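User: Please take a close look at the packed interior of this structure. Deal with crosslinks before anything else, then work outward from the core.

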Amino acid sequence: MVNSSQAAGRLPTSQKHANVTPLMKRSGLDTADMGNYRPVSNLSFMSKVVERVMVNRLDDYLAANDLLPRCQSAYRRWHSTETAMLRVCSDFLKEADTRRVTLLSLLDMSAADDCVDHSILMQRLHSRVGLSGVVFDWIKSFLSDRTQQIAYNGQLSAMLEVLFGVPQGYVLSPLLYILYTADLDHPCRCQTWSFTASVR
């Protein structure tokens, strides 16, 4: 099934439905506030197997062509918040040794993966990453015609079409999100800006 799916460049419709379970982000939060829940998509076993194979193949392609953002730590093998903090601390100490001021800018990207525009993502996968042919068609098929239902207290909501986002619970979602936001890395890639300030 995995090889047939990828050779045909499409994911069967039967593997595109998800039951979304709302889980508390952490204990002690207000259960009446919907913002305190994390929507986790429960998918079929086979869809996750097919996704895992695609992730492994894409990882090999991206690594071989050096297409992943250099400073990206989340969702990558051998990378973590620890490696990100080590890099930041190293840069701070390096600049302090040369008596330079260090400024840290933080961007809150919470829930941003739910806002991924599929057409923009596909454009970036083609133009920036160079995907085409059956691989491109498969990812387009993977993102399109998806449906989901909310599963809560033993009941299911009405079925809805998924038009945006790379939801939590998908094996391929983290990698697609990295590639979607990869261009954010370019303006500030490990840059050092020098400026002179006069004090009166």
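Analyst: A search of the whole predicted model turns up zero disulfides. Such a link would be a covalent bond between the sulfur atoms of two cysteines. As for solvent access, C89 is partly exposed, with a relative accessible area of 36%. C115 is exposed, at 56%. C115 counts as exposed because its 56% is over the 50% cut-off.

Now the overall frame. The protein holds six helices and five strands. From the N terminus, the order is α-β-β-α-α-α-α-β-β-β-α. The C-alpha atoms fill a box of roughly 65 × 45 × 30 Å along the principal axes. Of the 200 residues, 30% are buried. Take the contacts with a separation of 6 or more: 66% of them join residues 24 or more positions apart.

Next, the core itself. The largest nonpolar core contains 32 residues. Those with the most contacts inside it are L125, W138, I139, F142, L143, L172 and L176. Four elements each give two or more residues: α2 (45–64), α4 (118–127), α5 (133–143) and α6 (173–180). The largest share is that of α6, with six residues.

L176 shows how these parts meet. Setting aside neighbours within four places in sequence, its contacts are L121, L125, I139, F142, L143 and V166.

What about α4, and which of its residues are buried? They are H118, L121, M122 and L125. These four cover an arc of only 95° around the axis, so they sit on the same side of α4. The other side of α4 carries the exposed residues S119, Q123 and S127. The buried residues of α4 pack against three elements: α5, β5 (160–162) and α6. L121 and L125 are among those buried residues, and both are in contact with L176.

On to α5, another contributor to the core. V134 lies in this helix. Is V134 buried, exposed or in between? V134 is partly exposed, because its relative accessible area of 40% falls between the cut-offs of 20% and 50%. Its partners come from far off in the sequence. V134 and G9 are 125 residues apart along the chain, yet their C-alpha atoms are 4.4 Å apart in space. Leaving out residues up to four places away, V134 touches Q6, A7 and G9.

Last, the open space beside some of these elements. The second largest pocket has a volume of about 420 Å³. There are 21 lining residues, and D59, L68, Y75, R76 and R77 are the closest to the centre. The elements that give two or more residues to this lining are α2 and α6. The most comes from α2, with seven residues. Both helices also give two or more residues to the largest nonpolar core. Thus α2 and α6 appear in two lists: the core contributors and the pocket lining.

Terms used. Residues are numbered from 1 along each chain as its sequence is written. This is a predicted model: local features need pLDDT of at least 70, side-chain atom pairs count only at pLDDT 80 or more; totals for chains, interfaces and linings use all residues. Side-chain values use heavy atoms; hydrogens and water are left out. A nonpolar core is a set of buried Ala, Val, Leu, Ile, Met, Phe, Trp, Tyr and Cys residues joined through side-chain atoms within 4.5 Å. Buried means under 20% relative accessible area, exposed over 50%, partly exposed in between (1.4 Å probe, protein chains only). Contact means heavy atoms within 4.5 Å. A disulfide is a pair of cysteine sulfur atoms within 2.5 Å. The arc is that of the directions from the helix axis to the C-beta atoms. On a 1 Å grid over the protein atoms alone, a cavity is a set of points where a 1.4 Å probe fits but cannot get out, and a pocket is an open set with protein on both sides within 12 Å along at least five of seven lines; lining residues have an atom within 4 Å of a point. Grid points are joined across faces, edges and corners, and a volume is the space filled by probe spheres set on the points.
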